Amino acid sequence: MYCGLPAVVASKAMASTARGRDQTEPKEQISSIKKDFILGLTSGAGVSITKQIVLYPFDTVRTRLQVNTSRRELFRSLYNTGIVPPLLTRTPASAFFFACKDVFESQFRAAGIAPSTATTLAVLLGQFPKWLIRAPAERLKTRSQAANGGLSGEIEELQDAIAEPKLLFDGYFSNVAYAFPHDAVKFVTYDALKRSVLTSMLPTPIASVIEGAIAGVLSELVTSPLDVTRTRVMSKKAGVFQDYSDRPTELFNNVRRVYSEEGMETLFAGITPKLIRALIGGALQFATLELVKSETIKALK
């Protein structure tokens, strides 16, 4: 049931070979995994809802810049019905991602793996189930934003998907390829900053906001080219962006195509709203994360 089940099995196997070890340890291990899972579930849901509502306009502008929308249309309908699919699917996707990440990370650290490596591996393992849940809505949202669309456009997209369901997952691998380094950089940076002198100098809420903002901006700078190409993969339609493939072997060819045809500047298209979004989003994410986790821990006692 829990994402950490493989880790539980491994821990039980190791426990059975260690003579004299307390036989209650497997039960305690499962209890710990349940706690990590619940903490991740609640904090992930809280983070997702907060970020979706506050940051959607920045996300809309970013998408339109990346698909070469005219300046006249750039700020039109920043809050459109494209927010509905991601709000409904990102919340459970984020909850499940954080639950899996927290379980795997705690198990990896308990096994003696270095903190940064444990975080990176946990982030990677959490991406695949997250994008199975989130990919269809992400595609609908992206196409709606790119076309300044509303509900009618999304209904048309859904009708196309009914005829060919795999269309909803067009962009799955591009999303994983972008989200893994993006999240890994963000979480590793945030964890490093939490161990820095900044945390001891400031109250916890303020430190979380500043550290989260720094981590968010750095992760966006590093992964901007992959964000541009994944947006184009999800936005492609007849005659537009047809050369962009979601096959894993073609993901970096997509980046090379943008660079060779449109230059380095295009790989950072939409970088201004992205950095503003990252600054606010990173601060919101980790401040919300720490707050919800703290309240959940109190509730579980």
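A nonpolar patch is made of nonpolar side chains joined within 5 Å, from residues with over 30% relative accessible area and no salt bridge. In this predicted model, one such patch on the surface is formed by I49, I53, V54, Y79, I276, L279 and I280. Together these residues have about 590 Å² of accessible area. Helices α2 and α11 (271-300) are the elements that give two or more residues to the patch. One of the patch residues, I49, lies in helix α2. The relative accessible area of I49 is 40%, so this residue counts as partly exposed, a class that falls between under 20% for buried and over 50% for exposed.

The chain as a whole has eleven helices and zero strands. Read along the sequence, its pattern is therefore written with helix symbols alone, α-α-α-α-α-α-α-α-α-α-α. Of the 301 residues in the chain, 49% are buried. The accessible surface comes to about 14500 Å², and 65% of this surface belongs to carbon and sulfur atoms. Among contacts between residues at least 6 apart in sequence, 79% join residues at least 24 apart.

A pair of residues far apart in sequence number is given by D59 and K274. These two residues are separated by 215 residues in sequence, whereas their C-alpha atoms are 7.3 Å apart in space. D59 is placed in helix α2, which covers residues 25-66. With a relative accessible area of 4%, D59 is buried, because the cut-off for this class is under 20%.

Helix α9 was examined in further detail. This helix runs over residues 251-262, and its twelve residues should span 16 Å at 1.5 Å a residue. The C-alpha atoms at its ends are 17 Å apart, which agrees with that expectation. The buried residues of α9 are L251, N254, V255 and V258. Seen down the helix axis, these buried residues fall within an arc of 100°, and they therefore line one face of α9. Their cover includes α6 (172-194), α8 (204-235) and α10 (264-267). On the face turned away from the buried side, α9 carries the exposed residues F252, R256, S260 and E261. Just after α9, G263 takes a positive phi of about 90°.

Note on methods:
Residues numbered from 1 in each chain as written. Predicted model: local features only at pLDDT ≥ 70, side-chain atom pairs only at ≥ 80, totals over all residues. Heavy atoms only, no water. Helix = DSSP H or I, 4+ residues; strand = E, 2+ residues; numbered from the N terminus. Buried < 20%, exposed > 50% of the residue type's maximum accessible area, 1.4 Å probe, protein only. Expected span 1.5 Å × (residues − 1). Arc of directions from axis to C-beta. Contact = heavy atoms within 4.5 Å. Patch = residues over 30% accessible without salt bridge, like charges linked within 9 Å, V, L, I, M, F, W, Y side chains within 5 Å. Areas by Shrake-Rupley, 256 points an atom, 1.4 Å probe, with all protein chains shown as cover. Salt bridge = Lys/Arg side-chain N within 4 Å of Asp/Glu carboxyl O.
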